Amino acid sequence: MTKLEFENLVFQAYACTPDRPFSDDQDVLVFRHADNRKWFGIVMNIPRCKLGLVDPGRIDIVNLKCPEQVLYTIRQEPGVFPAYHMNKAHWVSVALDGSATDDTIRFLCEQSFRLTASK
């Protein structure tokens, strides 16, 4: 799944469009709940080395909140990493380069949406 495909997935599933809260980095997309404004996803383009990848260059990722009971297991999936720049006990980073399956991304997006919803 690519960055654009993820953006389309979120729009179709939750009727949510991203905002760009950082004026110095317009490539960062933040997906929020309409009612409580909590983030359930943030898309960034980061150096690959920040995920422990040895290849040079940059990679699009999405950070998603993850249930603690599946955190360890889901990090074993291709394209899923400990969260970049977020609490690693609650969030994961998922590569948007085709290495993570679409089903994994959909599952994690749904979990993140649910975990950050108003109680």
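These are my notebook entries on a predicted protein model, written for someone meeting it for the first time.

**Entry 1: the overall layout**

I began by listing the elements, and I found 3 helices and 5 strands in the protein. Reading from the N terminus, I wrote their order down as α-β-β-β-α-β-β-α.

Next I looked up the overall dimensions. The C-alpha trace spans about 40 × 35 × 25 Å along its principal axes. I also wanted to know how the radius of gyration fits a compact globule. For 119 residues such a globule would have a radius near 14 Å, and the protein has 13 Å, so the two agree.

**Entry 2: inside and outside**

How much of the protein is buried? I noted that buried residues make up 40% of the 119 residues. The accessible surface comes to about 6,600 Å², and carbon and sulfur atoms account for 52% of that surface.

I then turned to contacts between residues at least 6 apart in sequence. Of these, 46% join residues that are at least 24 apart.

For the charges, I counted 14 positive and 15 negative ones, and their mean positions lie 7 Å apart.

**Entry 3: the hairpin of β1 and β2**

I spent a while on β1 (29-32) and β2 (39-47). The two strands pair in the antiparallel sense, over 4 bridges. They form a hairpin with 6 residues between them. Following the pairing across, I saw Phe31 standing opposite Gly41 in β2.

Are the faces of β1 covered or open? Both are covered. On one side I found Leu29 and Phe31, on the other Val30 and Arg32, and all of these are buried.

**Entry 4: two residues with positive phi**

Arg37 caught my eye in the turn of that hairpin. Its phi is positive, about 65°, although Arg37 is not a glycine. I looked up its accessibility too: at 44%, Arg37 counts as partly exposed, because exposed would need over 50% and buried under 20%.

My other entry of this kind is His85, which sits in the loop between β4 (80-82) and β5 (91-95). His85 is not a glycine either, yet it has a positive phi of about 65°. Is His85 buried or exposed? With a relative accessible area of 64%, His85 is exposed, since that value is over the 50% cut-off.

**Entry 5: helix α3 and what follows**

I picked Thr104 as a look into helix α3. Its relative accessibility is 10%, so Thr104 counts as buried. Which residues does Thr104 touch? Leaving out residues up to four places away in sequence, I listed Ile74, Glu77 and Val80.

Then I moved on to Ser118, in the segment after α3 (102-116). Ser118 has a relative accessible area of 43% and is therefore partly exposed. Setting aside residues up to four places away in sequence, I saw Ser118 touch Asp35 and Asn36.

How far is Ser118 from Ala83? They are 35 residues apart in sequence, and I noted 23 Å between their C-alpha atoms.

**Entry 6: a page to come back to**

For a second look, I would open the hairpin again, with Arg37 in its turn and the buried residues on both faces of β1. After that I would go to Thr104 in helix α3 and on to Ser118 with its contacts to Asp35 and Asn36.

Terms used. Residues are numbered from 1 along each chain as its sequence is written. This is a predicted model: local features need pLDDT of at least 70, side-chain atom pairs count only at pLDDT 80 or more; totals for chains, interfaces and linings use all residues. Side-chain values use heavy atoms; hydrogens and water are left out. The radius of gyration is taken over C-alpha atoms; the globule rule is 2.2 Å times the number of residues to the power 0.38. Buried means under 20% relative accessible area, exposed over 50%, partly exposed in between (1.4 Å probe, protein chains only). Contact means heavy atoms within 4.5 Å. Accessible areas come from the Shrake-Rupley method with a 1.4 Å probe; for residues, only the protein chains shown count as cover. Lys and Arg count as positive and Asp and Glu as negative; His and the chain ends are not counted. The place of a charge is taken as NZ of Lys, CZ of Arg, CG of Asp or CD of Glu. Two strands pair if DSSP finds at least two bridges between them.
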